[in-house]
Amino acid sequence: QVQIVESGGGWTQPGGSLRLSCTASGISWSMNHMAWYREAPGKQREWVALFKTDGTILYSDSVKGRFTISRDNIKKSAWLEMNSLKPEDTARYYCNAPYGIVDDAKGLFKWGQGTPVTVSS
């Protein structure tokens, strides 16, 4: 049974930093790309960072240069280091293996609860 758990979210002022964590049991980490997604109030879920099994890392334009994705297959974990946060980064953040192309923001596995991030002054 797959279980994804995200943590590390919270509140920070603009310009601040947060580090999100994701653990996923029941999946083969070495065989799956892993991505971070976010869903802001009233908006559709979007992808923000992708770490492929071959080591390729991609970021959406909105977070490039500010966010850093990492993963550890042995620890069955992934992280999202978020710096220079902006109010528009406010959203609930999720991790999952992408289903199809990452732009479609569909997850291969059942979504976890996500972790909320609020950026405001």
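The points below describe a predicted model of one protein chain, going from the overall fold to single residues.

1. Overall fold. The protein chain has ten strands and zero helices. Along the sequence the pattern is therefore β-β-β-β-β-β-β-β-β-β. With a radius of gyration of 13 Å, close to the 14 Å that the globule rule gives for 121 residues, the chain is as compact as a globular protein of that length. The box that holds its C-alpha atoms, taken along the principal axes, is roughly 40 × 25 × 25 Å.

2. Burial, contacts and surface. Of the 121 residues in the chain, 42% are buried. Contacts between residues at least 6 apart in sequence include many that span further: 56% of them join residues at least 24 apart. The accessible surface is about 6,500 Å², and carbon and sulfur atoms account for 49% of that area.

3. Charge. The chain carries 14 positive and 11 negative side chains. The centres of these two sets are 4 Å apart.

4. N96. This residue belongs to strand β9, which covers residues 91-96. Is N96 buried or exposed? Its relative accessible area is 0%, so N96 is buried. A polar atom of the N96 side chain lies 2.8 Å from the backbone oxygen of F109. Beyond residues up to four places away in sequence, N96 touches I4, H33, M34, A35 and Y37, and also G107, L108, F109, K110 and W111. F109 thus appears both as a contact of N96 and as the residue whose backbone oxygen faces the polar side-chain atom.

5. T115. Strand β10 covers residues 115-119 and contains T115. The relative accessible area of T115 is 5%, under the 20% cut-off, so T115 counts as buried. What does the side chain of T115 reach? The backbone nitrogen of G9 is at 2.9 Å from that side chain. G9 is also among the contacts of T115 outside its neighbours within four places in sequence. The others are E6, S7, G8, L20, A91, R92 and Y93.

6. T12. In strand β2, residues 10-12, we find T12. T12 is buried, at 11% relative accessibility. Its contacts, not counting residues up to four places away in sequence, are S17, L18, L85, T118, V119 and S120. Y59 is 47 residues from T12 along the chain, and the C-alpha atoms of the two are separated by 22 Å.

7. F51. Strand β5, residues 46-51, includes F51. How accessible is F51? The relative accessibility of F51 is 17%, and because buried means under 20%, F51 falls in the buried class. Leaving aside neighbours within four places in sequence, F51 is in contact with H33 and M34, with T56 and I57, and with I69, S70 and R71. H33 and M34 are also among the residues that N96 touches. P14 is 37 residues from F51 in sequence, and their C-alpha atoms are 26 Å apart.

8. E39. This residue is in strand β4, residues 34-39. At 30% relative accessibility, E39 is partly exposed. Which residues does E39 touch, not counting those up to four places away in sequence? They are Q44, R45, A91, R92 and Y94. The side chains of E39 and R45 are joined by a polar contact of 3.2 Å. Y93 lies 54 residues from E39 in sequence, yet the two are 6.5 Å apart in space, C-alpha to C-alpha. A91, R92 and Y93 are also among the contacts of T115.

9. Two residues with positive phi. Most residues other than glycine have a negative phi. K76 is not a glycine, and its phi is positive, about 55 degrees. K76 sits in the loop between β7 (67-72) and β8 (77-82), and at 37% relative accessibility K76 is partly exposed. A105, also not a glycine, has a positive phi of about 55 degrees. Where is A105? A105 is in the loop between β9 and β10. With a relative accessible area of 10%, A105 is buried, whereas K76 is partly exposed.

Note on methods
Residues numbered from 1 in each chain as written. Predicted model: local features only at pLDDT ≥ 70, side-chain atom pairs only at ≥ 80, totals over all residues. Heavy atoms only, no water. Helix = DSSP H or I, 4+ residues; strand = E, 2+ residues; numbered from the N terminus. Rg over C-alpha atoms; globule rule 2.2 N^0.38 Å. Buried < 20%, exposed > 50% of the residue type's maximum accessible area, 1.4 Å probe, protein only. Contact = heavy atoms within 4.5 Å. Areas by Shrake-Rupley, 256 points an atom, 1.4 Å probe, with all protein chains shown as cover. Lys, Arg positive; Asp, Glu negative; His and termini not counted. Charge placed at Lys NZ, Arg CZ, Asp CG, Glu CD. Polar contact = N/O pair within 3.5 Å; in protein donor to acceptor, adjacent residues only side chain to side chain.
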